[in-house]
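Thanks for coming. I have one structure to show today, so please look at the screen.

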Amino acid sequence: MRAFLDTAAILQAMLPLPAGGAQLKPTRPALPKEFVASRKRRRIVDAMTELSAEKGYGATKIADVVRRAGVARKTLYDNFGGKEEIFLAAVDAAIEESLDRVEAACAAAGDGWSDRVAAGLQTFLAYLAENPAAAKICLVEAISATPTSSARYREATQRFVDLLTRNAPSGAGASDTTAESLVGGVAWILHQQVRQGGTDRALDLTPQLLDFILFPYQGVAEPGSGTGRRK
Amino acid sequence: MERLPRGRHGLSPEFVAQNQRERLIAGLTGVLYEVGYQKTTVSLIGKRAAVSKSDFYKHFRSKDDCFFAAYEAAIERIRTQVVTACAGHEEAEWPLRVRGGISALLTFLAGDPAVASLSLVEGLRAGRGVYDRYQAAIESFIPNLRQGAPRAPDGARVPVATDEAVVGGIASLLGRRVLAGEAERIEELLPDVLEFALTPYLGTAEARRIISAG
């Protein structure tokens, strides 16, 4: 970001002066204030994501965040009440982004329930592999960092349960708790993977996890509405 | 847990100390269930256990120290229930052993909501130190499920992650119910939990047959 600003400033300085001796334009680029402010906010959140993924929420200090984000301490406190608020913003951002992608993938996958579930799972695992720091703070740190972050984790879990329930075969007679148990089981496996530092290894588990999710519904779904268990 | 008689009782100091320790652990478990971790204090634990504050500190360095001891004790009690129930069906086939273990688990948790809450809910939210214990506890149940588990109905090998996902999924479901204040009714989940545990190995139809054969 800083590099971009400087480049822009240099480019602007190199522009020919307006004819007629008009006033010099400011050498700083006139980026809208809101744009700069939101970029700074984003940098603070990203720094918190990286740092708490690297050393844990507990060990992350505001001073570290300020340094990593390259913002003034005052800017940080203008934007956030404190450390927990930044962490929650980071967790929320990752949850929203991953859920948006997963929901879009499910919707785009068409009418077959098993295709929708497969698309959703693959998209989620791909998100985790692409965003290892976000994966770590959501699937590991958030669980026990603070009481509020635990609650956010549970709320997010519930949204995945709802999503699976909506996309699984409807009225097929799977027990009411099936989606809850499945999401809890998958979260547990992913948690282990992320904790061992391998969000990309989670991707390798896609076929196993998919079977795990689909299988309980296949026995009770309409014949032919799903796919068979892979051999 | 009953407090010991006052005055001269002829009980050995070791016995008294052990009894006090157990009362403190039970005290913390009960107080925690009622007021939550933040509001649980050493003096509340002492009052509940009928143990003086100074005696508390003979056993534990801090509230956290007592909490960890209580956590380990809770897991140990649950383990004992499950292992005993599984051992009771040692000669029986795998599905019956699993049913025995899960049934014992739910019955025990329903009968002691405070222990259920400590083990399945507090372990998740009271900070990293406890969470590691929660994780180790969950993992310790995996061999009970894995041992003797059959191949999938179509002959395919059940993936290795399945045992872990089943155990983790059960812990998650039970924790959600306990958190919702439904610990006493947790036994009602027996058919669901059994179906969830057996289906990956036996298929839905066979799992349901075993469950309905009760």
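I will go through chain B, then its contact with chain A, then the confidence scores.

Before anything else, keep in mind that this is a predicted model.

Start with the overall build of chain B. Chain B has 11 helices and zero strands. If you walk along from the N terminus, every element you meet is therefore an α, as the run α-α-α-α-α-α-α-α-α-α-α shows. The C-alpha atoms fill a box of roughly 65 × 35 × 25 Å along the principal axes. Chain B has 214 residues, and 43% of them count as buried. Now take the contacts in chain B between residues at least 6 apart in sequence: 60% of these join residues at least 24 apart.

Next, domains. The domain assignment splits chain B into domain 1, residues 11–60, and domain 2, residues 69–212. Their C-alpha centres lie 29 Å apart. Where the two meet, eight residues of domain 1 of chain B are in contact with 11 residues of domain 2 of chain B. On the domain 1 side, the residues divide into six nonpolar, two polar and no charged.

One helix to look at is α5 of chain B, residues 94–111. This helix has 18 residues and reaches 26 Å from its first C-alpha to its last, close to the 26 Å expected at 1.5 Å a residue. Which residues in α5(B) are buried? The buried residues include P95(B), V98(B), I102(B), L105(B) and L109(B). As background, an α-helix has 3.6 residues a turn, so residues three or four places apart point the same way.

Now the contact between chains. 29 residues of chain B are in contact with 29 residues of chain A. Which elements of chain B give two or more residues to that side? They are α6, α7, α9, α10 and α11 of chain B. Of these, α9(B) gives the most, with 11 residues. By type, the chain B side divides into 14 nonpolar, eight polar and seven charged residues.

Last, confidence in chain A. Chain A averages a pLDDT of 83, and 79% of the residues score at least 70. Among its elements, helix α3 of chain A, residues 62–69, has the highest mean pLDDT, at 97, and helix α1 of chain A, residues 2–14, the lowest, at 49. Over residues 8–13 of chain A the pLDDT is below 50, and this stretch has eight contacts in the model beyond near neighbours in sequence. The pLDDT is also below 50 over residues 221–231 of chain A, a stretch with 23 such contacts.

Terms used. Residues are numbered from 1 along each chain as its sequence is written. Chains are lettered from A and ligands numbered from 1 in the order in which they are written. This is a predicted model: local features need pLDDT of at least 70, side-chain atom pairs count only at pLDDT 80 or more; totals for chains, interfaces and linings use all residues. Helices (H or I, at least four residues) and strands (E, at least two) are DSSP runs, numbered from the N terminus. A residue is buried if 20 or more other C-beta atoms lie within 10 Å of its own, exposed if 12 or fewer, and partly exposed in between; C-beta atoms are placed from the backbone. Two residues are in contact if their C-beta atoms, placed from the backbone, lie within 7 Å. Ala, Val, Leu, Ile, Met, Phe, Trp, Tyr, Cys and Pro count as nonpolar, Asp, Glu, Lys and Arg as charged, and the others, Gly among them, as polar. pLDDT is the predictor's confidence in each residue, from 0 to 100. The expected span of a helix is 1.5 Å times one less than its number of residues. Domain bounds come from an automatic or database domain assignment.
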